[in-house]
Amino acid sequence: MKKFLIISFLFALGFNGFGQKESKLCAYPEFNGGIKEFNKFIETNLKMPNDLVKNKIDGKVYIQFDIDTTGSISNIKVVKDIGHNSSDEAIRVIKLTNGLWKPAIYMNKKVFQKNYSVPIEFKLK
């Protein structure tokens, strides 16, 4: 199997939990340890689907989910898919992050984050 590199750099935020405005948001949700730890977690746990390798396909799968006040995730959805079982693998690895998130803070209170999005990149090397 060809070597591959998995990179997930940016979080695409879609904050609209309970109708709060971003200007009053004190802190966005964050993976425990920050984005570097999130990227390390994804790189360690994500497996390149054989169909992507066989067909020499790479690209990003965008996953959207909600983060509650305890850091648990729910309502995982695929926003953009590259096919060939990539979305199944992206969802599988995002489910592993359940409970590993710090919730958003709004006016000094933990709040529910709705529609939080992350790109998961599958790249052949």
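This report covers strand E4, an aromatic cluster and the salt bridges of a predicted model.

**Strand E4 and its neighbours**

Strand E4 spans residues 59-67. Seven of its nine residues are buried, which leaves the strand mostly covered. E4 has pairing partners on record here in strands E9 and E5. With E9, residues 113-124, the pairing is antiparallel and runs over eight bridges. One register point is Gln64, whose bridge partner in E9 is Ser117.

Strand E5 covers residues 73-80. E4 and E5 also run antiparallel, joined by five bridges. Here Ile63 stands opposite Val78 of E5. The two strands E4 and E5 form a hairpin, with five residues between them. Gly71 sits in that turn and has a positive phi of about 90 degrees.

In a regular strand, side chains alternate between the two faces of the sheet.

**Asp66, a buried acid**

Asp66 belongs to strand E4. Is Asp66 buried or exposed? Its relative accessible area is 3%, so Asp66 is buried. The Asp66 side chain makes a polar contact with the side chain of Asn75, at 2.7 Å. Leaving aside residues up to four places away in sequence, Asp66 touches Ser72, Ile73, Ser74 and Asn75, and also Phe112, Gln113, Lys114 and Asn115. Asn75 therefore appears both as a polar partner and in the contact list of Asp66, where the cut-off is heavy atoms within 4.5 Å.

**Aromatic pairs**

The whole structure holds seven aromatic pairs. One of them joins Phe31 and Trp101. Their ring centres are 5.4 Å apart and their planes meet at 80 degrees, which makes the pair edge-to-face. Phe31 lies in strand E3 (residues 30-31) and Trp101 in strand E6, 70 residues apart along the chain. Both Phe31 and Trp101 are buried.

Trp101 has another ring partner, Phe65. The centres of Phe65 and Trp101 are 5.5 Å apart, and the planes stand at 55 degrees, so this pair is tilted. What separates tilted from edge-to-face is the plane angle, with edge-to-face needing over 60 degrees. The Phe65–Trp101 pair also links distant parts of the chain: Phe65 is in strand E4 and Trp101 in strand E6, 36 residues apart. Phe65 is buried too.

Which residues do the ring pairs link into a cluster? They are Phe31, Phe38, Phe41, Phe65, Trp101 and Tyr116.

**Salt bridges**

A search of the whole structure finds four salt bridges. The table gives three pairs, with the N to O distance.

| Acid | Base | N to O distance |
|---|---|---|
| Glu30 | Lys102 | 3.9 Å |
| Glu37 | Lys40 | 3.2 Å |
| Glu89 | Arg92 | 2.7 Å |

Take the Glu30–Lys102 bridge, at 3.9 Å. The cut-off for a salt bridge is within 4 Å. Glu30 lies in strand E3 and Lys102 in strand E6, so this bridge ties together parts that are 72 residues apart in sequence. Glu30 is partly exposed, with a relative accessible area of 36%. Lys102 is partly exposed as well, at 41%.

Glu37 and Lys40 are both in helix H1, residues 35-45. Because they are three residues apart, about one helical turn separates them. Glu37 is partly exposed at 33%, and Lys40 is partly exposed at 47%.

Glu89 and Arg92 sit in helix H3, residues 86-95. They too are three residues apart, so the separation is about one helical turn. Their accessibility classes split: Glu89 is buried at 11%, whereas Arg92 is partly exposed at 31%.

**Around Lys102**

Lys102 is in strand E6, which consists of residues 101-102. What does Lys102 touch, not counting residues up to four places away in sequence? The contacts are Pro29, Glu30 and Asn32. Glu30 is also the salt-bridge partner of Lys102. A further long-range relation involves Asp68: the C-alpha atoms of Lys102 and Asp68 are separated by 9.0 Å, although the residues are 34 apart along the chain.

Strands E3 and E6 thus meet in two ways, through the Phe31–Trp101 ring pair and through the Glu30–Lys102 salt bridge.

Technical notes
Residues are numbered from 1 along each chain as its sequence is written. Side-chain values use heavy atoms; hydrogens and water are left out. Buried means under 20% relative accessible area, exposed over 50%, partly exposed in between (1.4 Å probe, protein chains only). Helices (H or I, at least four residues) and strands (E, at least two) are DSSP runs, numbered from the N terminus. Two strands pair if DSSP finds at least two bridges between them. Rings of Phe, Tyr and Trp (its six-membered ring) pair if their centres lie within 6.5 Å; planes under 30 degrees apart count as stacked, over 60 as edge-to-face and the rest as tilted. A salt bridge is a side-chain nitrogen of Lys or Arg within 4 Å of a carboxyl oxygen of Asp or Glu. A polar contact is a pair of N or O atoms within 3.5 Å; within protein, one must be able to donate a hydrogen and the other to accept it, and residues adjacent in sequence count only if both atoms are side-chain atoms.
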